[in-house]
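Work through the exercises below with the sequence and the structure side by side. Each task is followed by a solution that goes step by step.

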Amino acid sequence: MTQARLHYIADPLCGWCYAAAPLVKASRDVAGLDMVFHGGGMMAGPNVQRVTPQLRNYVMPHDHRIASLTGQPFGEAYFEGLLRDTTAVFDSAPPIAAVLAAEALGGRGLDMLAAEQQAHYVEGRRIADRDVLVELAAQLGLARDAFAKAFDAQDAHALMLHFRDSRAWLARAGGSGFPTFALEVDGRLERLEPGRYFGRPDAWRDALRERVLKAQAARAAKEARAASGDGDAAPLPQCGPQGCAL
């Protein structure tokens, strides 16, 4: 059976990635489809952002539009708490390290991403703080000590390599930002457009399922032809009233 991969290039602090969270959840229901997370590092390194009134004024119109378009919830603790806390820092590196650690421990990376988004956008928690991330991991059922060790293993160098690889996938997919979804089947990559599916996760899941089933059918037909020997046969001449073409 053909195994398809859905590459998800995203960032925990990207509001439009939060808009896509229901699509991510729906994607995981598609049989024969693996999801691979690539953390973008949108607010990492020199792009770390301290919360300021300017940052709040920038993100809030986007957040309100996301809520209107998708129904995704934004909490009072986020709007009136975190976005007014000028001691808070938005840093993508720790939450991405936590996603990678959770994935390495038990394949729970996407669950960690969802937990981080809930903590950030609804509960107004600081997901750049190690203690918060360890607590989220524990709530997922991951052992605190094991998670902390895996999290600490994602040091600055490891994350730099991950971000570089993620940007390479973004370029390969022809994406220009986050979120970017790209479906890989038999080494071929197709960038998908999630925008028209925001707020319609069931339609997104059905469209993905149809693509995967078509890919599986095409692979099965190809393997059947190869098994029968037809795959190596020379093409038949194209003939008509005017004769047969060479």
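A residue counts as buried if its relative accessible area is under 20%. The model used in these exercises is predicted.

**Exercise 1.** Find how many aromatic pairs the whole structure has, and describe the pairs Y8 with F37 and Y78 with F79.

*Solution.* Begin with the total, since a search of the whole structure gives 13 aromatic pairs. In the pair of Y8 and F37, the centres are 6.5 Å apart and the planes meet at 55 degrees, which is a tilted arrangement. Next, place the two rings in the chain: Y8 belongs to strand 1 (residues 4-10) and F37 to strand 2 (residues 33-39), so this pair ties together parts that lie 29 residues apart in sequence. Then check accessibility, where Y8 and F37 both turn out to be buried. For Y78 and F79, the ring centres are 5.3 Å apart with 45 degrees between the planes, so this pair is tilted. Both Y78 and F79 are buried.

**Exercise 2.** Trace the ring cluster that includes Y8, and then relate its residues to the largest nonpolar core.

*Solution.* Follow the ring pairs first: they link Y8 and F37 with F181, Y197 and W204 into a cluster. Now turn to the largest nonpolar core, which has 72 residues, and where Y8, F181 and W204 are among those with the most contacts inside the core, along with L6, M112 and F147. Helix 5 (residues 93-106) supplies the largest share of this core, namely eight residues. As a last step, list the contacts of W204 beyond its neighbours within four places in sequence; they include L6, L23, A26, F181, P194 and Y197.

**Exercise 3.** Which residues of helix 7 are buried, and against which helices do they pack?

*Solution.* Helix 7 covers residues 130-139, and its buried residues are V132, L133, V134, L136 and A137. These buried residues pack against helix 5, helix 6 (109-122) and helix 8 (144-153). Continuing past the end of helix 7, one comes to G141, which has a positive phi near 95 degrees.

**Exercise 4.** Determine how many cavities of 30 Å³ or more the structure holds, and describe the lining of the largest cavity.

*Solution.* The count is one cavity of 30 Å³ or more, and the volume of the largest cavity is about 40 Å³. Its lining is made up of L13, L82, V89, F90, D91, H120, R125, R126, I127 and A128. Sorted by class, the lining of the largest cavity contains six nonpolar residues, one polar residue and three charged residues.

Note on methods. Residues numbered from 1 in each chain as written. Predicted model: local features only at pLDDT ≥ 70, side-chain atom pairs only at ≥ 80, totals over all residues. Heavy atoms only, no water. Phe/Tyr/Trp six-rings, centres within 6.5 Å; stacked < 30°, edge-to-face > 60°. Helix = DSSP H or I, 4+ residues; strand = E, 2+ residues; numbered from the N terminus. Buried < 20%, exposed > 50% of the residue type's maximum accessible area, 1.4 Å probe, protein only. Core = buried A, V, L, I, M, F, W, Y, C linked by side-chain atoms within 4.5 Å. Contact = heavy atoms within 4.5 Å. 1 Å grid on protein atoms, 1.4 Å probe; cavity = no way out; pocket = protein on both sides within 12 Å on 5 of 7 lines; lining within 4 Å. Points joined across faces, edges and corners; volume = space filled by probe spheres on them. Nonpolar A, V, L, I, M, F, W, Y, C, P; charged D, E, K, R; others polar.
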